[in-house]
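Let's take a friendly walk through a protein model together. Have the sequence and the 3D view ready, and follow along one heading at a time.

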Amino acid sequence: MDAIFESTLYTALRIDGNNICDYLESVTNLLAEFSWVYNFRNIDIFIYDVLEKIPADWVEELVAISQEELWQLPFGYTKEKWPTSLKNFVTKCKKLASYRFATKKFQDTVPKDNSNLLEKLSDKKQYEVQIMSYLIKQVCQVLKCNTVIDVGSGLGYLDEALHDNFGLCCIGLDAVPKYTLAAKERLKSDTCKHSVLHKTFEVKNTDECLLHFKAVLNEAKELHCCCIPGISESRAASAVIVGLHSCGNLSQDMMELFCELEDINAFICIGCCYNKIKLTNFPMSTVVKHSVSSTQKVYPEWYPSISGLRLAAHGTRSHSCSFPVSEEREKNLFYRALLQCYIKKEQIVWKKPKRHVRTTDLADFDTYCSKMFEDHILSGDEKILRELKKLYQEKSQIFHRIRILLVLQMMLQPLWEAFVILDRVMYFKERNIFVEVLEMWDDSVSPRNLALCAYKR
């Protein structure tokens, strides 16, 4: 099986097979060298003295530039007078990140058709469903397939678009019963009763799930649609498995099932929430595991961590620049980290407040502490408030480093995401399955925009 899409302009992470090991080694070495930038929860920055680890000569130069210039670092912005170490870091991040971003987006190939917009769906979700459904339609055309298995189908909007716009038959699978019921309720007035089904089904990489999935595929062969002239009514001999923003480990479970099931000829998935991946099954590929082992010879304490995967799931540089960090957000992080440091040191039992922190709560640190302790057993404890204020006074001089840290993390984000996606690419390649990665839409609107597309030979 060759590439379905001839254009390489919207193909992300297009790296020659001979160079992919070198690229992975460069990425893992940089991630290991600068693990101090991300290998923690951001609320723990004072527990691990993270802000103090930012080189003083970097801080001196970065506090002297404007906020607009600071946000341009992930795009390669430097100044000649900067320390060599800082310029090298910016240059390496920019070079390695360039593979994550394609020249154009797949959305540029999608016809502008607003005739079948889905009701009660946000503009962002409309945008994603329209582009994703067009990609699936094109794959189904090439493979002469008219059946789609949508994993994590939710309320069934993608299935509705695939059927109503392209005459495809769909089975939507979701682990949450209320979503299945809601999807059925939404589509109960559809006049085509034999083309879209929704079932409560938790997809996992287990023998039991494999058997149940085979039963679903048999059921799919009974589906047919005659709503759109020219669409074949013949029963499907094969199916395409898809997932739009498949959370955490679900993408990997789908990949493993796809490799096991002969009746599924294509896999199309956009993953998200990488921080929910189980480390026992990551990395998946032999090549990436080797890259990790090679890096650990130089940086023995480094390993693919949840903190790194959490960074992979952050907004991309374009998305973050569209919604720059406000002073309120910086204060919220700074204050919460101070509180976390204190309660950790004093071994205070603490539950995260359910209440949303309002702008007025961030007027100053005293106000913040009073609000956070409002319903706590220690509310009004003057000794604790004095000690917290002392901690604030000790750390307030490095408040300006918060913004610098967030930008440094932003620079490593595309490297972590590339590491995750390339692991999945190599997993398929090692099984002799053709795979490509398409950049679907503008990442400033929706940062999880990489579609992993695999086709069996």
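## How confident is the model?

The protein chain has a mean pLDDT of 90, and 93% of its residues reach 70 or more; pLDDT is the predictor's confidence in each residue, from 0 to 100. Among the elements of the chain, helix H5 (residues 84-97) has the highest mean pLDDT, 98, and helix H13 (residues 317-322) the lowest, 84. Helices (H or I, at least four residues) and strands (E, at least two) are DSSP runs, numbered from the N terminus.

This is a predicted model, in which local features need pLDDT of at least 70 and side-chain atom pairs count only at pLDDT 80 or more, while totals for chains, interfaces and linings use all residues. Residues are numbered from 1 along each chain as its sequence is written, and side-chain values use heavy atoms, with hydrogens and water left out.

## The sheet

In what order do the strands of the sheet lie? The 7 strands follow the order S3-S2-S1-S4-S5-S7-S6, forming an open sheet with mixed pairing. Two strands pair if DSSP finds at least two bridges between them. Strand S3 (196-200) and strand S6 (434-439) stand at the edges with a single partner strand each, so one side of each has no neighbour in the sheet. From one strand to the next, the twist averages 15 degrees.

Edge strand S6 pairs with strand S7 (residues 450-455) in the antiparallel sense over 6 bridges. Here you can find phenylalanine 434 opposite tyrosine 455 in S7.

## Around strand S5

Now look at S5, where 8 of 9 residues are buried, meaning under 20% relative accessible area (exposed is over 50%, partly exposed in between; 1.4 Å probe, protein chains only). S5 pairs with S4 in the parallel sense over 8 bridges, and valine 240 stands opposite alanine 266 in S5. Between S5 and S7, which run antiparallel, there are 5 bridges; phenylalanine 267 has alanine 454 in S7 as its bridge partner.

## Cysteines

How many disulfides are there? The count comes to 0, a disulfide being a pair of cysteine sulfur atoms within 2.5 Å. Cysteine 145 has its closest cysteine sulfur in cysteine 140, 4.7 Å away, so the two are too far apart for a bond. Cysteine 145 counts as buried because its relative accessibility is 8%.

For cysteine 259, the closest cysteine sulfur is in cysteine 269, and 13 Å is too far for a bond. With 26% relative accessibility, cysteine 259 counts as partly exposed.

Note on methods. Axes are lines fitted to C-alpha atoms, for helices over the stretch in contact, and angles run from 0 to 180 degrees between N-to-C directions.
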